Amino acid sequence: QVQLVESGGGLVQPGGSLKLSCEASGNVALIKNIDWYRQPQGKERELVGTITARGRSTYADSVMGRFTMSRDNARTAAYLQMNSLRPEDTAVYYCHVKLFLTSDDIWGRGTQVIVSS
């Protein structure tokens, strides 16, 4: 099994930055792509971006140019660098993986980001 734990959330002023971490444990060899999702209060969950095993990233239009994903070579952690934050970025942010071979969907418990004055 694989477990994911997000960290790094908090309260930040508009225009500020945060870096989120997603720490993986268990059978990390089964991890292929890593996704970041977010869910604002009272709204549906949305995909923020995806980073492949080779480090190629895609992003939602709403965060393009402001957010950057990265991962370590051992696939033990993934990161989401968030710059130029806006109030509409306020959400609980989750990392997600779909495991190779088993096809299990694994979610972290989320970390809260609040962008407010």
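Which residue in S8 is the bridge partner of Phe67? The partner of Phe67 in S8 is Met82. The model described here is a predicted one.

## The open sheet

Four strands form an open sheet in the order S1-S3-S8-S7, and their pairing is antiparallel. Strand S1, covering 2–7, and strand S7, covering 67–71, are the edge strands, each pairing on one side only. From one strand to the next, the twist averages 15°. Strands of a sheet pair through backbone hydrogen bonds, either parallel or antiparallel.

Six bridges hold the antiparallel pair made by strand S3 (residues 18–26) and strand S8 (residues 77–82). Within this pair, Leu18 has Met82 of S8 as its bridge partner, and Cys22 stands opposite Ala78, also in S8. S8 also pairs with S7, again in the antiparallel sense, over five bridges. Met82 is thus a bridge partner of Leu18 and of Phe67.

## Hairpins of S4, S5 and S6

S4 and S5 run antiparallel and are joined by five bridges. One of the paired positions is Arg38, whose bridge partner in S5 is Glu46. The hairpin of S4 and S5 has six residues between the strands, and Gly42 takes a positive phi near 75° there.

Gly42 belongs to the loop between S4 and S5. Is Gly42 buried or exposed? With a relative accessible area of 79%, Gly42 is exposed, because the cut-off for that class is over 50%. Gly42 and Ala91 are 49 residues apart in sequence, while their C-alpha atoms are 9.7 Å apart in space.

S5 also pairs with S6, in the antiparallel sense, over three bridges. Ile51 has Ser57 in S6 as its bridge partner. The hairpin that S5 and S6 form has five residues between the strands, and Gly55 in the turn has a positive phi of about 90°.

## The nonpolar core

The largest nonpolar core has 31 residues. Which of them touch the most other members? They are Leu4, Ile31, Trp36, Phe67, Leu80, Met82 and Tyr93. At least two residues of this core come from each of S1, S3, strand S4 (34–39), strand S5 (46–51), S7, S8, strand S9 (91–98) and strand S11 (111–115). In soluble globular proteins, nonpolar side chains tend to be buried together.

Phe67 and Met82, both among the core residues that touch the most other members, are also bridge partners.

## A network of salt bridges

Side chains of opposite charge can pair when their charged atoms come close. How many salt bridges does a search of the whole structure find? The search finds three.

One salt bridge joins the side chains of Glu46 and Arg38, at 2.6 Å from N to O. These two residues are also bridge partners in the pairing of S4 with S5. Glu46 is partly exposed, at 30% relative accessibility, whereas Arg38 is buried, at 4%. Arg38 also forms a salt bridge with Asp89, where the closest N and O atoms are 2.9 Å apart. Arg38 lies in strand S4 and Asp89 in the loop between S8 and S9, so this pair ties together parts that are 51 residues apart in sequence.

Asp89 in turn forms a salt bridge with Arg66, with 2.7 Å between the closest N and O atoms. Because Asp89 lies in the loop between S8 and S9 and Arg66 in the loop between strand S6 (57–59) and S7, the pair ties together parts that are 23 residues apart in sequence. Asp89 counts as buried, at 0% relative accessibility, and Arg66 is buried with a relative accessible area of 7%. Through shared partners, the salt bridges join Arg38, Glu46, Arg66 and Asp89 into one network.

## A buried acid without a salt bridge

Glu6 lies in strand S1. What is the nearest side chain of opposite charge to Glu6? It is Arg109, 7.6 Å away, and Glu6 has no salt bridge although Glu6 is buried. A salt bridge needs the nitrogen within 4 Å of the carboxyl oxygen, so the distance to Arg109 does not qualify.

The side chain of Glu6 does reach backbone atoms. The backbone nitrogen of Cys95 lies at 2.8 Å from the Glu6 side chain, and the backbone nitrogen of Gly110 is also reached at 2.8 Å.

Technical notes: Residues are numbered from 1 along each chain as its sequence is written. This is a predicted model: local features need pLDDT of at least 70, side-chain atom pairs count only at pLDDT 80 or more; totals for chains, interfaces and linings use all residues. Side-chain values use heavy atoms; hydrogens and water are left out. Two strands pair if DSSP finds at least two bridges between them. Axes are lines fitted to C-alpha atoms, for helices over the stretch in contact, and angles run from 0 to 180 degrees between N-to-C directions. A nonpolar core is a set of buried Ala, Val, Leu, Ile, Met, Phe, Trp, Tyr and Cys residues joined through side-chain atoms within 4.5 Å. Buried means under 20% relative accessible area, exposed over 50%, partly exposed in between (1.4 Å probe, protein chains only). Lys and Arg count as positive and Asp and Glu as negative; His and the chain ends are not counted. A polar contact is a pair of N or O atoms within 3.5 Å; within protein, one must be able to donate a hydrogen and the other to accept it, and residues adjacent in sequence count only if both atoms are side-chain atoms.
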